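Hi,

Here is the structure I promised to pass on. Have a look at it first, and then read my notes below.

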Amino acid sequence: METVKSKMTRALSRFVAGPADRLTLEDVAPNKVSGMLVSSHFDGKSLSERQDLIWDELDKVLDPYERTRVVIVFADTPEEHKLYKDTA
Amino acid sequence: MELRPEHYLLAAQERLSEAVALRRGARWVLAMYVAGLSAECMMRAFIPRDSEFDARHDLGALLGASEWPLGSSERRRLHTAVSGIRVLWNNSLRYADEARVRSHLKRIGLDRGPGIQRGADALKVRCAELESHASVVVRIGSATWKP
């Protein structure tokens, strides 16, 4: 059976196109998944619009219970992500 | 129930996702309440464990009591986001029906102005705006978090 993480990878990979784009998903004990999607698709989009883009895709592959297993998927542009990395 | 900083961190992230789901389901008022709650959780994650401070649900006081290891530009972003949340959120939202919140937005002039286009649903717009502010708080907190 395909895992939630695998389904998320399949759904969100379409946003990973540019050289600085990437998708990172991590398991959160005991049975959830947290993610970071860095994508130039998010340039010029508000943070709520980015979440809509993400969830439009996740809703296609996750059933209602599986959706509750997603802790968060952060949505950064490559430029923002660099700033956050410098902050950490 | 004992809640440690790491629990508040995870709760902040979960509440934010739940706020997104509620907004997408047109549950504007509850989405706004939960988005603000996500920011509150994140600020609680940064309050020193030995602190006896109890800010209740006052985001300004919580921000003051919390200790964020940030540079000046990130601190400015955080404070801007918290200011935006404080305009749109308070703990009483959980008791308010949709009509009450709409009339409140009208009374304080937030049913119009920048960001509200002609014919737009002000509650829907403000809901997305609050979520975006909360996203900044949760994102900065997650980026700077050190167990």
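Leaving aside neighbours within four places in sequence, which residues is B:Ile85 in contact with? Before the reply, one caveat: this is a predicted model. With those neighbours set aside, B:Ile85 touches B:Gly36, B:Ala39, B:Leu59, B:Leu130, B:His133 and B:Ala134.

That residue is a good way into the largest nonpolar core, which has 55 residues. B:Ile85 is among those with the most contacts inside this core, along with B:Met32, B:Ala39, B:Met42, B:Ala134 and B:Val137. Helix α2 of chain B (residues 28-45) supplies the largest share of the core, 13 residues. Is α2(B) mostly covered or mostly open? Mostly covered: 16 of its 18 residues are buried. As for its length, the distance from first C-alpha to last is 26 Å, close to the 26 Å you'd expect at 1.5 Å a residue.

Just ahead of that helix there's a backbone oddity. B:Ala26 sits in the loop between α1 and α2 of chain B, and its phi is positive, about 65°, even though the residue isn't a glycine. B:Ala26 counts as exposed because there are 12 other C-beta atoms within 10 Å, and the cut-off for exposed is 12 or fewer.

Now chain A. There you'll find an open sheet of three strands in the order β1-β2-β3, with mixed pairing. The edges are β1 (22-28) and β3 (70-76), each pairing on one side only. On average, neighbouring strands are turned by 10° against each other, ignoring direction. Strand β2 (residues 32-38) of chain A runs parallel to β3(A), and six bridges join them. If you want to check the register, A:Val33 stands opposite A:Val70, and A:Val38 has A:Asp76 as its bridge partner.

β3(A) may be an edge strand, but six of its seven residues are buried, so the rest of the structure largely encloses it.

Another thing to look at in chain A is the loop between β1 and β2, where A:Pro30 lies. The peptide bond from A:Ala29 to A:Pro30 is cis, with omega near 0°.

Two helices lie across the sheet. Helix α1 (residues 4-12) of chain A crosses β1 and β2, running at about 165° to β1(A). Helix α2 (residues 47-61) of chain A lies across β2 and β3, at about 130° to β3(A). The end C-alpha atoms of α2(A) are 22 Å apart, which agrees with the 21 Å that its 15 residues should span at 1.5 Å a residue.

What do the buried residues of α2(A) pack against? In chain A, the partners are α1, β2, α3 (64-67) and β3; in chain B, they are α1 and α6. The buried residues themselves are A:Leu47, A:Ser48, A:Arg50, A:Gln51, A:Ile54, A:Trp55 and A:Leu58.

That brings us to the contact between the chains, which takes 18 residues from chain B and 14 from chain A. On the chain B side, the elements giving two or more residues are α1 (5-24) and α6 (122-144). α6(B) gives the most, with eight residues. By class, this side of chain B has six nonpolar, seven polar and five charged residues.

Over to you!

Notes
Residues numbered from 1 in each chain as written. Chains lettered and ligands numbered in written order. Predicted model: local features only at pLDDT ≥ 70, side-chain atom pairs only at ≥ 80, totals over all residues. Pairing = 2+ DSSP bridges. Helix = DSSP H or I, 4+ residues; strand = E, 2+ residues; numbered from the N terminus. Axes fitted to C-alpha atoms, helices over the stretch in contact; angles between N-to-C directions. Contact = placed C-beta atoms within 7 Å. Core = buried A, V, L, I, M, F, W, Y, C linked by C-beta atoms within 7 Å. Buried ≥ 20, exposed ≤ 12 C-beta atoms within 10 Å, placed from the backbone. Nonpolar A, V, L, I, M, F, W, Y, C, P; charged D, E, K, R; others polar. Expected span 1.5 Å × (residues − 1).
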